Amino acid sequence: MTAALRLQRIGVVGAGLAGLASALAAARSGRQVTLLEAAPQPPQLPGSVDVLPAMLCDLVGLGVADDCVRTGFAYRGVDVRGRDGALLHQLPTEPLAGARYPAALGMRRADLLAQLERAALAAGVQLLRGQRVGQVKPALPPSASGASGANGAVVQACAADGRLLCEVDLLLLAVGAASELRGRVFPEAEPVQPLGQRWWYALMRRPPELERPCVVLGGTGQRVVLHPVRHDEAGLAWIEPQLEALPLDPAAYLRQALAALPGWAGSLAALIRPDTPVVQRPVYSGLLQPHWHQGSVLAVGDCAHALPPHFGQSAAQAIEDARVLGDLLGNDLGADALVQAFTARRQERARQVHQLTTTAARWDLHPEGDTDLSSLMDRLQRTVARPA
Ligand SMILES: Cc1cc2nc3c(=O)[nH]c(=O)nc-3n(C[C@H](O)[C@H](O)[C@H](O)COP(=O)(O)OP(=O)(O)OC[C@H]3O[C@@H](n4cnc5c(N)ncnc54)[C@H](O)[C@@H]3O)c2cc1C
């Protein structure tokens, strides 16, 4: 008979990349996992995710890499083009995930979320959509009369009206950077800061010549990034300084912005149709300080480290959190030891990635004498190639 695991019940709040991947890692370690998500349906945002070599390793560790490879577009290397479309150089993408896997993948964001959700459900995660957590509180401590949280659970997640949603031994807060719940659980934390940059995302027909991601440097603060995500589809990101007011017709706006570029990047405008879904989001930056935990509540993903999406790192670091969590759950620690060990493995690493990606965002907007995005990406790749 196997001994009962400490931390038997784990709750996760938020079913974005961080929450789904963490719930999957926890369920694979034999825990009973409840995942609470405010939105009634999975988001269908037309974005893409760059599954970089270290992130692909983490997806291998989580057991979903094969499905991701089947769904996404395998590539190696990144083309960097000037404003006129001329190839300036190619950045290397060294494979890390082993001989069975490609170096990297482009994926639709919705496809990656769907793969993680499918694997999490298959591993036994109970996913409850349409459940917004309004408060997190300690479960009643054991008392002389014997009253306590169910089976000695230590933390409760409740709806805003106080309705109990789950009662667990450890609660993972994966609510993203902007959720009010982050501020309620971590009242001393600084809110994340906007960096003055906006990213626009769309999915479009893949230009046949696009075999690997391509970055086109535009004017100051402007950049186009195009990723192949399926054999017939590419994900586009248009990066520019924050606007005073948002346009009423995002597709028309994006088409116009691209059409103003010369050469190859300008020709992409024709691939944005009037009915192409386009989303935008401001770039935020901020690390949860001083701690990522409050009792038995542990922040993961953007809630702990809101990173500019440069070099694909906000998604990659969310998946890395889940991979590290899975490793630590294998050690059968108590809640206190687990949150301490997680912080020790993750906080300094996230700080380094935060510093590099925030520098990239700043250089986009205000190039400096020593601006060198290629060497920054090289430093980043070397940093994240070391196991977390
Ligand atoms: C359109 C788009 C494109 C992107 N492109 C890139 C990219 O190219 N590269 C990159 O690195 N990153 C990108 N990102 C960011 C990346 O997806 C995130 O960094 C990553 O998903 C990790 O986020 P997360 O899971 O921590 O938080 P989120 O993705 O924000 O998920 C948080 C979840 O928590 C839920 N939630 C919030 N509050 C509550 C509550 N009180 N109760 C219950 N549920 C709650 C939300 O509904 C949401 O589903 C993109 C994001 C978007 C939206």
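# How we know what we say about this fold

Q: Which of the 31 residues around the ligand come nearest?
A: Glu37, Arg109, Val133, Asp302 and Ser314 do. A residue counts as near if one of its heavy atoms lies within 4 Å of the molecule or strand in question.

Q: Where do these numbers come from?
A: This is a predicted model, where local features need pLDDT of at least 70, side-chain atom pairs count only at pLDDT 80 or more, and totals for chains, interfaces and linings use all residues. Residues are numbered from 1 along each chain as its sequence is written, and side-chain values use heavy atoms, with hydrogens and water left out.

Q: What makes aspartate 302 a polar contact of the ligand?
A: A polar contact is a pair of N or O atoms within 3.5 Å (within protein, one must be able to donate a hydrogen and the other to accept it, and residues adjacent in sequence count only if both atoms are side-chain atoms). A backbone N or O atom of aspartate 302 sits 2.8 Å from a ligand oxygen, so it qualifies. Leucine 17 passes too, with a polar backbone atom 3.2 Å from an oxygen of the ligand. For serine 48, the distance from a backbone N or O atom to a ligand oxygen is 3.5 Å.

Q: How much of the ligand does the protein bury?
A: Taken alone, the ligand exposes 990 Å², and the protein buries 86% of that. These areas use the Shrake-Rupley method with a 1.4 Å probe; for residues, only the protein chains shown count as cover.

Q: Which elements give two or more residues to the shell around the ligand?
A: They are α1 (17-28), β2, β17 (278-287) and α8 (313-329). Helix α8 gives the most, with 4 residues. Helices (H or I, at least four residues) and strands (E, at least two) are DSSP runs, numbered from the N terminus.

Q: How many residues of each class does the shell around the ligand have?
A: There are 16 nonpolar, 10 polar and 5 charged residues in that shell.

Q: How do you know that β1 and β2 pair?
A: Two strands pair if DSSP finds at least two bridges between them. Strand β1 (residues 9-13) and β2 (residues 32-37) run parallel and share 5 bridges, so they meet the rule. In one of these bridges, arginine 9 has glutamine 32 of β2 as its partner.

Q: What makes β8 and β18 edge strands?
A: Start with their sheet, an open one of 6 strands in the order β8-β2-β1-β12-β19-β18, with mixed pairing. Here β8 (126-129) and β18 (293-294) each pair on one side only.

Q: Which way do β13 and β17 run when they pair?
A: They pair in the antiparallel sense, with 7 bridges between β13 (residues 193-205) and β17. Alanine 202 stands opposite valine 278 there, and proline 194 has tyrosine 284 as its bridge partner. Strand β13 also pairs antiparallel with β16 (residues 233-241) over 9 bridges. As for β17, 2 bridges link it to β20 (residues 305-306), again antiparallel.

Q: Why does the length of α9 agree with a helix?
A: The expected span is 1.5 Å times one less than the number of residues. For the 31 residues of α9 (residues 335-365) that gives 45 Å, and the end C-alpha atoms are 42 Å apart, which agrees. Threonine 343 is the centre of a kink of about 30 degrees in α9; the bend at a residue is the angle between axes fitted to the seven residues ending there and the seven starting there.

Q: Which kind of peptide bond joins glutamine 289 to proline 290?
A: That bond is cis, with omega near -5 degrees. Proline 290 lies in the loop between β17 and β18.

Technical notes: Ala, Val, Leu, Ile, Met, Phe, Trp, Tyr, Cys and Pro count as nonpolar, Asp, Glu, Lys and Arg as charged, and the others, Gly among them, as polar.
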